[in-house]
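User: I want to go through this fold with you. I will ask how each label is justified.

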Amino acid sequence: ASWLRPLSFDVSPHQRTMRSVPRRQVLLRVAGVLAALPGIARAASVEFATPSSETGCTFAVAKIRKAQLIEPPAEGSCRTSSGSSAIFQAASLSKPIVATLALKLMLRGKLDLDQPVSEVLPDGYVHRQNLFALHESPVVDIVPRDVLKKLTVRNLLSHTSGLPNWSSKAPLRLSIEPGAGWRYSGEGYVLLQHVLHKLTGMPLNALASAELFEPLGLQDTAFKLTEHVAHSLVPGRSASGQIRQLRFPHEIAASSLYTTASDYGRFIVATLKDQRLLSLITESSVSVPGAPGVYWGLGWAIEQSSEHRVIWHWGNNPGFRALAMADLISNDAVVVLAATESGMPQAKAAVRQILPGAHLGLDLDLVQ
């Protein structure tokens with residue numbers, strides 16, 4: 001249909017400032033609308049003008065000692081030109097937050113972790129193939145009920161769904177049978193996003209705001225680009241130093257988290273203080289192939305050795321890298337956010353300095 005064609009516009013998706021637009025004015029760019037299909041993130045793309053002066057901020061580090069956030073951050077407390085905390089894309093650090101939302105619903109009796117997904121989505125799952133083509137009209141396929149019947153929320157949380165990481169602009173198919181083994185899957189978390197939406201009637205950002213962001217005081221955290229985020233967002237950069245980043249107008253559970261190091265540190269503090277939640281995260285972990293001592297729980301990776309027991313996760317988006325780890329014995333933790341694609345080695349070094357140990361999971365090919 002003609003209304004599905006994206007509208008043309010004269011601004012590059014990667015352009016940082018607009019000559020004719022004041023620094024803090026919101027600039028809307030609509031790339032397409034998909035209203036007729038239920039359960040699909042709309043293709044409306046919102047582009048905000050960001051501060052014209054670059055901060056030079058590359059890293060932010062938050063430290064936690066004995067389940068207490070060190071304030072102000074001891075390192076990397078870079079600020080924006082407006083004086084507010086610098087916001088980064090945290091990429092897959094979104095997944096522990098989404099998992100926490102699911103587990104909170106489970107604890108209230110509103111979600112059964114072992115219930116087939118088909119019982120929540122009886123009409124199938126409308127899957128968007130070009131999820132990261134933010135300025136294109138959606139290309140979709142339907143994952144049928146008989147496939148969803150094989151999947152549980154526990155599978156989605158622990159990356160045992162058998163779904164691929166991403167469908168690569170193709171219909172979504174199982175790579176292996178659900179429960180047959182561990183295979184990291186961003187697609188699984190996007191499917192989980194639709195399950196949570198169906199159960200609560202709330203988009204992901206609204207649900208996270210009500211359940212976590214507002215109660216914990218995470219004022220600089222969101223699952224999509226808002227005007228507030230845009231004003232404090234550090235520009236992500238490629239290894240060559242060129243600006244390179246996606247700008248998310250709608251929520252993507254697997255990768256669209258915007259946050260500060262301190263905000264994410266507060267989320268970790270809340271997690272460390274919730275023993276019931278930690279038990280759920282760690283009690284039904286699965287082993288990660290080729291990584292002795294590394295397991296995957298519900299939302300978090302787990303590392304177990306004679307020296308420590310930690311939960312951790314990393315993030316990798318164009319222009320950004322992120323890493324967070326918490327020791328469940330000492331209750332010490334660290335969050336590192338980097339606005340550069342070459343930031344992961346430094347992030348790993350910072351984590352190993354603050355939380356000494358082998359941390360073999362950080363050597364996984366995915367964590368780069």
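User: Which residue in strand 12 stands opposite Leu 323?

Analyst: Leu 323 stands opposite Val 336 in strand 12. This is a predicted model: local features need pLDDT of at least 70, side-chain atom pairs count only at pLDDT 80 or more, and totals for chains, interfaces and linings use all residues. Residues are numbered from 1 along each chain as its sequence is written, and side-chain values use heavy atoms, without hydrogens and water.

User: Why are strand 11 and strand 12 called paired?

Analyst: Two strands pair if DSSP finds at least two bridges between them. Strand 11 and strand 12 have six bridges, so they pair, in the antiparallel sense. They form a hairpin with five residues between them. In that turn, Asn 331 has a positive phi of about 65 degrees.

User: What makes strand 10 a partner of strand 11?

Analyst: Eight bridges join strand 10 (residues 309-317) to strand 11 (residues 320-327), and the two run antiparallel. His 313 has Ala 324 in strand 11 as its bridge partner, and Trp 312 stands opposite Met 325. This hairpin has two residues between the strands, and Gly 319 takes a positive phi near 85 degrees.

User: Why do 68-69 count as a strand, and what makes strand 2 an edge strand?

Analyst: Strands are DSSP runs of E with at least two residues, and helices are runs of H or I with at least four, numbered from the N terminus. Strand 2 spans 68-69, so the run qualifies. Strand 2 and strand 7 (286-287) are the edge strands, as each pairs on one side only. The open sheet has eight strands in the order 2-1-12-11-10-9-8-7, with antiparallel pairing.

User: How do you know that strand 11 is covered on both faces?

Analyst: Buried means under 20% relative accessible area; exposed is over 50%, and partly exposed lies in between (1.4 Å probe, protein chains only). Eight of the eight residues in strand 11 are buried. Phe 320, Ala 322, Ala 324 and Ala 326 lie on one side. Arg 321, Leu 323, Met 325 and Asp 327 lie on the other.

User: What is Ile 268 in contact with, leaving aside neighbours within four places in sequence?

Analyst: Contact means heavy atoms within 4.5 Å. The partners of Ile 268 are Ile 64, Trp 300, Ala 324, Ala 326, Ala 333 and Val 335.

User: Which helix lies across strand 2 as well as strand 11?

Analyst: Helix 7 (residues 261-272) does; strand 1, strand 10 and strand 12 are also crossed.

Terms used: Axes fitted to C-alpha atoms, helices over the stretch in contact; angles between N-to-C directions.
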